[in-house]
Amino acid sequence: MNLTRLLTEEAEMILVEATAALGQNHHSPAGTAGRQRLRALYALVLQSVQQGDVATMSTYADKVAQQRFLAGSDLDEAQTTFNVLEASIWQHVVASVPAAELPEAISQVNATLNAGKDALARAYVTLARQNRTPCLNIPLLFSGTDAVLMEA
């Protein structure tokens with residue numbers, strides 16, 4: 001089965017499942033904004049798979065990182081949208097794509113979403129460094145002290 005056709009035909013079911021999973025995740029409530037982010041991300045996944053190019057996904061993820069960082073969201077919350085969408089897409093791909101075509105289909109989905117997650121994480125780290133955002137001091141955390149925050 002053609003991956004683009006599958007993602008087009010099953011788009012609504014994939015989005016409904018991803019939205020439900022997003023609502024169950026304590027890091028990212030599935031309000032109107034969450035549903036809009038899922039739809040925008042899904043459209044880019046489909047576009048990337050159709051064109052065989054992840055550059056647009058990386059650009060989008062950079063913008064999302066800036067918006068979500070400035071809104072006070074942490075990286076985990078921002079990546080949750082990518083993760084729940086990926087899980088939903090995978091379920092449909094595994095259930096519908098013939099075994100011989102599965103490695104290629106999975107690699108296309110992975111390449112697209114991993115490019116987005118990587119760009120998102122890199123942008124977050126850059127923004128955190130520029131803004132001197134506190135982070136955990138792991139050695140102090142394991143030594144039992146209360147001074148676990150440090151400047152990034």
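Biologist: Which pattern does the protein chain follow when it is read along the sequence?

Modeller: In this predicted model, the protein chain reads α-α-α-α-α-α-β-α-β, and it has seven helices and two strands.

Biologist: Why are α3 and α4 called roughly antiparallel to each other?

Modeller: The name rests on the angle between them: α3 and α4 pack at about 160°, with their axes 9 Å apart. Angles over 145 degrees count as roughly antiparallel, and α3 and α4 are therefore placed in that class. Their crossing is left-handed.

Biologist: What makes up the contact of α3 with α4, by class of residue?

Modeller: That contact has six nonpolar, three polar and two charged residues. From α3 come R37, A40, L41, L44, V45, Q47 and S48, and they meet T56, M57, Y60 and R68 in α4.

Biologist: How do you know which word describes the way α3 lies to α5?

Modeller: The axes of α3, residues 32-51, and α5, residues 75-96, come within 10 Å and cross at roughly 60°. An angle under 35 degrees would count as roughly parallel, 65 to 115 as roughly perpendicular and over 145 as roughly antiparallel, while the rest count as oblique. The crossing angle of roughly 60° belongs to none of the three named ranges, which makes α3 oblique to α5. In this case α3 passes α5 in a right-handed crossing.

Biologist: Which residues of α3 and α5 meet there?

Modeller: On the α3 side they are R37, L38, L41, Y42 and V45, and on the α5 side T81, F82, V84, L85 and I89. By class, the residues of this contact divide into eight nonpolar, one polar and one charged.

Biologist: What is L85 in contact with, leaving aside its neighbours within four places in sequence?

Modeller: Contact here needs heavy atoms within 4.5 Å, and on that basis L85 is in contact with I14, L15, A18, L38, L41, Y42 and V45. L85 is also one of the residues, with L7, I89 and V93, that touch the most other members of the largest nonpolar core, which has 39 residues.

Biologist: Which helices each supply at least two residues of this core?

Modeller: They are α1, α2, α3, α4, α5 and α6, and the largest share, eleven residues, comes from α6. In soluble globular proteins, nonpolar side chains tend to be buried together.

Biologist: How many of the residues of the protein chain count as buried?

Modeller: A residue is buried under 20% relative accessible area, and 41% of the 152 residues of the protein chain count as buried.

Technical notes. Residues numbered from 1 in each chain as written. Predicted model: local features only at pLDDT ≥ 70, side-chain atom pairs only at ≥ 80, totals over all residues. Heavy atoms only, no water. Axes fitted to C-alpha atoms, helices over the stretch in contact; angles between N-to-C directions. Helix = DSSP H or I, 4+ residues; strand = E, 2+ residues; numbered from the N terminus. Left-handed = near helix turned anticlockwise from the far one by under 90°. Nonpolar A, V, L, I, M, F, W, Y, C, P; charged D, E, K, R; others polar. Core = buried A, V, L, I, M, F, W, Y, C linked by side-chain atoms within 4.5 Å. Buried < 20%, exposed > 50% of the residue type's maximum accessible area, 1.4 Å probe, protein only.
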